[in-house]
Every structure is written in structure tokens, then in C-alpha cells.
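Hi everyone, thanks for making time this morning. I'd like to walk you through a structure that may be new to most of you, so please have a look at it with me.

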Amino acid sequence: MAVATGPIDQRGIPTPGGGASAGAGGLIGPGLRILQRHLWVYRRTWRGSIFTSFLNPVLFMIAMGFGVGSLIGPGGGAGVVIPAGLTYLAFIAPGLMAGGAMQTATFESSFPISARIMWWRNYEAMLATPLRTWDLLVGEFGWIGFRLLTTATAFLIVMFIFGIPSGPLAILAIPAAMLTGFAFSPIMISIAARITGDPAATYSMIFRFVIMPLFLFSGTFFPIERLPEVLQVVAWVTPLYNGVALTRDLVLGLADPLISLAHLAILLVYASIGLYLARRNLYRRMVV
């Protein structure tokens with residue numbers, strides 16, 4: 001596991017100069033060792049995850065798209081109003097893709113991170129080598145990115161099978177869904193780094209009172225215009241709504257450049273803030 005990284009300061013941050021540590025290889029290369037470790041473990045479990053990656057979107061689309069969708073014609077019905085000309089299946093499928101990315105990212109950034117900090121103490125062993133806290137984050141985000149890539153790709157393939165995507169921009173829904181996941185993942189890791197007791201209660205509160213309400217009320221199943229005006233404003237600044245809207249516009253060929261840039265900017269702000277907090281909290285937990 002030991003990797004030569006060059007000089008670092010007391011905060012675990014690469015110093016200028018020092019050969020490889022000053023370049024991209026020094027900032028990213030050592031963290032790839034951790035990603036490699038996760039991929040080695042994944043070789044034993046990939047069959048089950050690939051199966052569920054395809055099964056979940058199929059079941060969601062059948063249950064919600066055809067089940068509930070049978071009550072809702074093009075343009076709306078049963079109390080739900082959707083853009084004219086869209087079937088309910090076409091409306092919810094991209095939202096489910098973004099919502100699934102959120103759920104995948106939050107899970108991979110919660111209990112597994114706590115396990116490697118507190119129970120298995122993987123991070124203690126890794127930090128006994130020249131690896132730094134930044135390398136831990138690079139490896140974890142690489143692994144989470146891999147999981148998001150596989151699940152988003154599987155979801156898009158299923159949508160193509162159902163004939164939902166319109167136009168070549170649909171392929172960009174994969175990085176849009178991945179960015180949606182990364183708007184949550186660093187924040188969850190920053191929380192995991194702060195938990196000192198049993199994390200189950202904390203994560204249960206987050207999943208129950210944050211993740212689930214976002215999944216239900218961020219435009220996944222119905223337009224946020226059906227919400228009261230105050231809640232519409234709240235939804236506009238949440239990462240999931242912006243991820244859902246961006247993914248949906250790309251899949252359905254409805255993307256407006258300025259609006260898409262606004263969604264993208266909000267997601268990047270969340271990801272950047274989360275990255276700062278994750279790096280700071282993990283360093284304080286594991287080094288200070």
C-alpha cells in the first residue's frame with residue numbers, strides 16, 4: 001500500500017515542488033491505490049450489484065410508469081400535471097435516475113465510511129503509510145464515481161429499452177446524474193468523519209428526514225409547481241431538484257443552455273462545499 005508521495009506539510013497537503021507531489025500524479029495517483037483496493041473487493045460482489053442496477057430501474061418504471069402512469073395521460077391527470085406531450089413514464093424516469101444517484105452516493109458515503117474509520121480501522125492502517133487524508137478522499141470519490149457510473153449507465157440503458165430518451169444529449173445524463181451524487185457524497189463523508197458514537201441513529205435521521213423528503217418532493221414524481229410557493233423556492237436550491245431537472249432536460253431533449261448552466265452551478269457549489277468539509281473533518285478525525 002505504501003506509495004511515495006513527496007513532501008507534505010503538517011496538514012497532509014502537498015507542498016510546492018518535491019517532484020511528483022506537485023503534479024497531478026502526486027495529487028491523484030496515490031489515491032488510486034485505494035480505488036484499486038475497492039475494485040479488488042468488488043470483483044467478488046459485482047454480479048449481485050449489476051443485477052440490482054438493472055432490476056431496480058425496471059421495477060421502478062413498471063410500478064410507477066405503467067402502474068401509476070396508467071392513471072395519468074399525456075399532460076397530466078389524477079391530480080398530477082406534467083408538461084404537455086409527455087407520458088408519465090417519460091417524466092419520472094430521468095428523475096428516478098437522478099434520485100437513484102443520490103441514494104447510491106449517500107449510502108456509499110455513510111456506513112462504509114464509518115466502518116473504515118471506526119470498526120475496521122482501514123484508514124488508520126492506510127495513514128501509517130505515506131498516504132494522506134487527501135489520498136483517502138481521492139480513492140473514496142473514485143470508488144463512488146465508479147458506482148455512480150455503473151448505476152447511471154444501467155438506468156439509461158433501461159430507458160433506451162423503454163424508448164424514452166430523445167436526441168444525442170441523453171448520453172450527458174450520465175455525468176449529470178453522477179454530479180448529482182457528488183453533490184451529496186462529500187457532505188455525507190464530512191458527517192461520517194464527525195460521528196464518534198453509533199452512527200446508526202444519525203444516518204437513520206438523515207435518510208428519513210432529508211434523503212426521503214428530497215426524493216419525494218424534488219420534482220421526481222411531479223413538477224414542483226404543484227408545491228406551495230415557499231416550498232418551490234426551497235426545492236430550487238436543493239441539489240436533488242437541480243440534478244433531476246438537469247437530467248430530465250438532457251434525456252428528453254428539453255435542455256436550455258442558461259438554465260442547464262444554473263443547475264450545473266448549484267450542483268458544483270454543493271460538491272465544492274462538501275469537498276472542503278470532508279477534507280477538513282477527515283483530517284481532524286484521523287490526524288489531529
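I'll begin with the whole protein and then move to a few charged pairs.

One thing to keep in mind from the start: this is a predicted model.

So, the overall picture. The protein has 288 residues, and 48% of them count as buried. Its secondary structure comes to 13 helices and two strands. How much surface does the protein expose? About 13600 Å², with carbon and sulfur atoms supplying 70% of that.

Here is a number about how the chain meets itself. Take the contacts between residues at least 6 apart in sequence: 76% of them join residues at least 24 apart.

Now to the charged pairs. How many salt bridges does the structure hold? There are four, and I'd like to show you some of them.

Let's start with E140 and R116. These two form a salt bridge, and their closest N and O atoms are 2.9 Å apart. Where do the partners sit in the chain? E140 belongs to helix α7, which covers residues 133–161, while R116 belongs to helix α5; they are 24 residues apart, and the pair links distant parts of the chain. Are they buried or exposed? Both E140 and R116 are buried.

Next, please find D135 and R132. Their side chains also meet in a salt bridge, at 2.7 Å from N to O. Here again, D135 and R132 are both buried.

The next pair is R121 with E124. Their side chains form a salt bridge too, with 2.7 Å from N to O. This time the surroundings look like this: E124 has a relative accessibility of 42%, so it counts as partly exposed. For R121 the value is 43%, so R121 is partly exposed as well.

Let me stay with R121 for a moment, since there is something to see in its backbone. Which part of the chain holds R121? It lies in the loop between α5, residues 111–119, and α6, residues 122–127. And what is its phi angle? Phi of R121 is near 60°, a positive value in a residue other than glycine.

To recap the pairs: E140 and R116 are buried, D135 and R132 are buried, and R121, in the loop between α5 and α6, meets E124 in a salt bridge.

That's my tour. Thanks for listening, and I'm happy to turn the model around again for anyone who wants another look!

Terms used:
Residues numbered from 1 in each chain as written. Predicted model: local features only at pLDDT ≥ 70, side-chain atom pairs only at ≥ 80, totals over all residues. Heavy atoms only, no water. Helix = DSSP H or I, 4+ residues; strand = E, 2+ residues; numbered from the N terminus. Buried < 20%, exposed > 50% of the residue type's maximum accessible area, 1.4 Å probe, protein only. Contact = heavy atoms within 4.5 Å. Areas by Shrake-Rupley, 256 points an atom, 1.4 Å probe, with all protein chains shown as cover.
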